[in-house]
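Subject: Structure handover

Hello,

Here is the structure I promised to pass on. Please open it beside this email and follow along.

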Amino acid sequence: MFDGLENGQAMKKVHIKSFGCQMNKLDTALVTASLQKAGFTLSDNVDGSDIVLINTCSVREHAEEKVFSHLGFLRHIKETRPNLIVGIIGCMAQRLGNELLEHEAVDIVCGPNQIPAICELVTEALEKKNKAITVTENIRQASAQNPELEDFESVYDRADKRIPGQAYVRVMRGCDKFCSYCIVPYVRGPEVSRPPEKINEQIKRLAGEGVKQVTLLGQTINSYKYTAGEKAYNLADILAMVSDVDGIEWIKFVTSYPTKKNFDKILQAMANLPKICPYLHLPAQSGSDKILRAMNRKYTSQEYLELLETARDTVPGVATAGDFIVGFPSETQEDFEATVSLVKKARYKNCFVFKYSPRPGTIGDKKLQDNVPQDVKKKRNTELLAVQEKISDELSSQFLGRTVTVLVEGLSKKPHINTETGIDRPQLVGRTAADWIAVFNGPISLAGHFAKVKITQTSPLTLFGELVNEVGR
Ligand code: 5AD
Ligand code: SF4
């Protein structure tokens with residue numbers, strides 16, 4: 001691995017902008033940590049920076065458009081500051097490769113599986129002013145073993161400073177599911193599960209630094225599978241292993257693919273191990289069996305609902321979240337109504353709704369026509385969110401008068417109803433084990449600690465309350 005800046009590069013300033021999912025946020029944290037280790041300084045704006053890196057997302061066209069518009073802005077800046085180095089990392093780098101390198105503003109293109117090379121690429125670009133690209137050729141055939149990437153995970157050997165007391169830990173990379181709409185298998189490569197001992201070492205180290213909650217990450221985390229000698233580890237084994245780490249109090253994991261495989265074992269872990277949080281992110285994507293088949297999802301709506309029922313039977317009070325795509329090719333009003341009906345039955349805590357966006361290279365894009373008009377997609381999106389909002393409102397109102405334990409994240413970003421003012425008791429935000437957001441007034445010193453909050457008011461996505469005391473779980 002690259003281990004230091006050559007003469008004269010010290011104190012170069014890097015600004016990193018990040019788009020996309022938790023995986024990307026984690027990659028950004030890794031890249032940031034490795035650049036800092038190599039002697040670069042972080043900057044929170046473009047103006048004072050020598051290097052701008054953009055960690056990109058390809059999951060929908062809109063995410064890519066935002067990056068192109070930012071690149072337009074950077075091209076403009078480079079007219080007066082030609083020495084500014086601009087690097088594109090992440091999924092767009094892998095998807096578009098040389099096409100991105102041809103953009104006037106771009107100097108570096110680095111795919112998500114190549115990020116261990118980022119310091120070298122940046123240093124070379126600064127020294128030689130050459131354009132450089134490193135993406136994984138034939139990513140689906142690329143070797144599952146990538147020791148550089150595995151080593152790189154451990155650069156992140158300090159708690160994420162942005163959310164005190166919390167850390168994200170990848171347990172697997174890539175995806176083998178090939179849902180017909182999704183770009184992920186093509187840009188993140190095949191599923192690779194990390195060795196349990198590496199995960200364990202990393203989490204012990206994070207616990208030693210004061211981390212109380214870890215969120216384990218994987219695109220289809222319940223597919224986790226690692227064989228060492230006679231033993232084959234699944235996600236339930238990993239949950240039990242992490243539960244044994246002193247100092248870690250709460251363990252969450254995202255995202256699960258709806259399948260019976262290992263589901264009971266994972267639910268048993270959730271029911272029996274007190275540190276495993278009762279929260280399940282289980283995207284359904286659609287409630288219509290015809291659409292689910294076209295999406296290459298391997299379950300029917302009935303099977304999906306049965307999984308939710310099993311979850312609720314095994315873990316009473318489990319909170320669930322879902323993802324949906326509306327306006328998938330050939331989705332009729334009837335198909336959409338099947339989705340509405342599934343959402344009503346599922347009673348999620350919250351769900352994320354996306355308008356279908358064809359992604360070049362996916363089966364959906366090659367074989368199916370994007371034939372649902374934009375205004376219909378928009379209408380269905382709004383309608384589904386409204387259905388969910390009512391359910392969220394009903395579920396959140398059950399918390400009225402109850403006292404919940406939250407892990408405090410820090411200052412609330414949005415000002416909500418503010419019953420108290422004063423700089424010593426600003427409005428704070430925290431999350432419960434079941435991932436409900438709670439807002440209350442208290443001292444900022446609580447960030448990174450557990451607190452008890454009595455709920456006095458609720459809205460669909462947020463609980464509001466008063467601090468009861470500041471310790472305990
Ligand atoms: N169009 C719209 N939404 C998509 N998602 C993935 N690919 C697409 C696409 N092409 C959504 C899915 C997934 C979430 C992360 O993004 O709902 O669960
Ligand atoms: Fe994409 Fe499907 Fe894999 Fe999720 S499971 S990352 S939606 S291909």
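How many bridges join β7 to strand β10, and do the two run parallel or antiparallel? Five bridges join them, and the strands run parallel. Before you go further, note that this is a predicted model.

**The open sheet**

Start with residues 213-217, which form β10. This strand sits in the middle of an open sheet of three strands, in the order β7-β10-β13. The pairing in this sheet is parallel. β7 covers 166-170 and β13 covers 250-254. Both stand at the edges with a single partner strand each, so one side of each has no neighbour in the sheet. From one strand to the next, the twist averages 20 degrees.

For one bridge in detail, find Ala167: its partner in β10 is Val214. Now look for helix α1, residues 22-37. Helix α1 packs on the sheet and touches β7, β10 and β13. The direction of α1 makes about 100 degrees with that of β7.

**Two helices that meet**

Next, find helix α8 (residues 196-208) and helix α9 (residues 235-243). Their axes come within 10 Å and cross at roughly 30 degrees. Angles under 35 degrees count as roughly parallel, so α8 is roughly parallel to α9. The crossing of α8 and α9 is right-handed. From α8, the contact uses Pro196, Ile199, Asn200 and Ile203. From α9, Ile238, Met241 and Val242 take part. By class, six residues in this contact are nonpolar, one is polar and none is charged.

**Around the ligand**

Which residues surround ligand 1? Among them are Val59, Arg60, Tyr181, Cys182, Asp323, Phe354 and Arg359. Gln285 and Ser357 also belong to the surroundings of ligand 1. By class, the shell around ligand 1 has seven nonpolar, two polar and three charged residues.

**Antiparallel strands**

Last, go to strand β20, residues 450-458. Five bridges join β20 to strand β17 (residues 403-411), and this pair runs antiparallel. Strand β21 (residues 462-469) is joined to β20 by six bridges, again antiparallel. β20 and β21 form a hairpin, with three residues between them.

Lys454 is a good residue to click on here. In β20, Lys454 is the bridge partner of Thr403. Lys454 also has a bridge partner in β21, namely Glu466.

Best wishes

Technical notes
Residues numbered from 1 in each chain as written. Chains lettered and ligands numbered in written order. Predicted model: local features only at pLDDT ≥ 70, side-chain atom pairs only at ≥ 80, totals over all residues. Pairing = 2+ DSSP bridges. Helix = DSSP H or I, 4+ residues; strand = E, 2+ residues; numbered from the N terminus. Axes fitted to C-alpha atoms, helices over the stretch in contact; angles between N-to-C directions. Contact = placed C-beta atoms within 7 Å. Parallel < 35°, antiparallel > 145°, perpendicular 65-115°, else oblique. Left-handed = near helix turned anticlockwise from the far one by under 90°. Nonpolar A, V, L, I, M, F, W, Y, C, P; charged D, E, K, R; others polar. Near = placed C-beta within 6 Å.
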